[in-house]
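Subject: Structure handover

Hello,

Here is the structure for you to look through. My notes on it come straight after.

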Amino acid sequence: MKKTIWYFFLTFSVLRLYGQVDSLPVPKIYHVNRLTVSILIVGVSVANVLSVKPLRDKPVIAETEFNSLNPEALNSFDSWALKQNPADRKKFQQISNYSQIPYFLIPEVMFAINKKMRKDWLDISLMYWEGHTITFFSYNYGFLGPRFQNSYRPVVYYDEIPIEDRNIGYNRSSFYSGHVASVAYTSFFTAKVYSDYHPELGIKKYLLFAAALVPPAAMSYLRVKALDHFPSHCMAGLLIGASVGIAVPEFHKFHNKDISIGMFSSPTGTGLTMRWKFS
């Protein structure tokens, strides 16, 4: 019996040395309750759909409001939005609207073809769309979103554009950019998950996060050219989307944290302690 065990470990070691035996399974990085996350996605998606009409039915912009507009009051950073060609508005609106769809699907392809990630494709995908619904929900119902903020879109300032296209209530929804937030979420979620599955990247993972800035920056450019947002409103969308993109995967790593709870006693009293070691 002892010889059998010895030969087994010797054979395993030799085969492992020459790469013929895969390493032991690596523990799952993320914990995803598929039922809970699926219910969350459906429920929040319904709430997001119901929010569309109220946001589009804001009060029309009155003539007195147009008369009170003062472009000179804008800071130099945002004033760039008032130096665009209004004739290009529709073109950039279409590009910014339709370019989102294929971009949102690119991470799904990457999750499926990457050797380290494909085995967890379903969990990562659920997590990915969970974050998308949260990003939309934050825009539709959050205090920083257009439900509570009434900020004129740049198009309101352009006299060259017909008044019926400028006075609609939806033009009170410049802050913040939902398009940019969604693209930023996609970029940073992808960078976060990829770097979690490839710890061998080391500090090079920060290059991924730097690259993740490019797509939302490009979307910001398109949204300003479309006269739909000021640069600072796009920047706010980028920060919010990026935060959700990093926070959602990190939240699902909760069970992998080194958490310890215990009691402490000191001359001043007794209490409960908790230590949380971040990965």
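Below is what turned up, from the overall fold down to single residues.

The model is predicted, so please read everything here in that light.

Overall fold

The protein has eleven helices and two strands. From the N terminus, the order is α-α-α-α-α-α-α-α-α-α-α-β-β. The protein has 279 residues, and 41% of them are buried.

The largest pocket

The largest pocket holds about 460 Å³ of space. Its lining counts 19 residues. Nearest the centre of the pocket lie Phe-136, Tyr-139, Asn-140, Tyr-170 and His-179. Three elements give two or more residues to this lining: helix 2 (34-56), helix 6 (121-141) and helix 8 (178-197). Helix 2 has the largest share, with six residues. What is the lining made of, by class? Ten residues are polar, six are nonpolar and three are charged.

Helix 2 at the surface

Helix 2 also carries Val-42. Val-42 forms a nonpolar surface patch with Val-46 and Leu-50. Together the three have about 290 Å² of accessible area. Is Val-42 buried or exposed? Its relative accessible area is 54%, which is over the 50% cut-off, so Val-42 counts as exposed.

Salt bridges

Side chains of opposite charge can pair when their charged atoms come close. The count here is twelve salt bridges. These are the ones to look at:

- Arg-34 and Asp-123 meet through their side chains, at 2.7 Å from N to O. This pair joins distant parts of the chain, with Arg-34 in helix 2 and Asp-123 in helix 6, 89 residues apart. The two partners have their own settings: Arg-34 is partly exposed at 43% relative accessible area, whereas Asp-123 is buried at 5%.
- Glu-65 and Arg-172 form a salt bridge at 2.9 Å, N to O. This pair too links distant parts of the chain, 107 residues apart. Glu-65 sits in helix 3 (residues 63-67), and Arg-172 sits in the loop between helix 7 and helix 8. Both Glu-65 and Arg-172 are buried.
- Arg-223 pairs with Asp-228, and their closest N and O atoms are 3.3 Å apart. Both Arg-223 and Asp-228 are buried.
- Lys-192, Asp-196, Glu-250 and Lys-253 are linked in a salt-bridge network.

Backbone points to check by eye

Most residues other than glycine have a negative phi, and most peptide bonds are trans. Two places in this model depart from that pattern.

Where is the cis peptide bond? It runs from Phe-175 to Tyr-176, with omega near -5°. Tyr-176 lies in the loop between helix 7 (163-166) and helix 8.

The other place is Leu-227. Leu-227 is not a glycine, yet its phi is positive, at about 65°. Leu-227 is in the loop between helix 10 (214-225) and helix 11 (231-251). Is Leu-227 buried or exposed? Its relative accessibility is 0%, which is under the 20% cut-off, so Leu-227 counts as buried.

Where to start

For a quick first look, go to the pocket residues Phe-136, Tyr-139, Asn-140, Tyr-170 and His-179. Then turn to the patch of Val-42, Val-46 and Leu-50. Finish with the cis bond from Phe-175 to Tyr-176 and the positive phi of Leu-227.

Best wishes

Methods:
Residues are numbered from 1 along each chain as its sequence is written. This is a predicted model: local features need pLDDT of at least 70, side-chain atom pairs count only at pLDDT 80 or more; totals for chains, interfaces and linings use all residues. Side-chain values use heavy atoms; hydrogens and water are left out. On a 1 Å grid over the protein atoms alone, a cavity is a set of points where a 1.4 Å probe fits but cannot get out, and a pocket is an open set with protein on both sides within 12 Å along at least five of seven lines; lining residues have an atom within 4 Å of a point. Grid points are joined across faces, edges and corners, and a volume is the space filled by probe spheres set on the points. Helices (H or I, at least four residues) and strands (E, at least two) are DSSP runs, numbered from the N terminus. Ala, Val, Leu, Ile, Met, Phe, Trp, Tyr, Cys and Pro count as nonpolar, Asp, Glu, Lys and Arg as charged, and the others, Gly among them, as polar. Patches are made of residues with over 30% relative accessible area and no salt bridge: like charges are joined within 9 Å, nonpolar side chains (Val, Leu, Ile, Met, Phe, Trp, Tyr) within 5 Å. Accessible areas come from the Shrake-Rupley method with a 1.4 Å probe; for residues, only the protein chains shown count as cover. A salt bridge is a side-chain nitrogen of Lys or Arg within 4 Å of a carboxyl oxygen of Asp or Glu. Buried means under 20% relative accessible area, exposed over 50%, partly exposed in between (1.4 Å probe, protein chains only).
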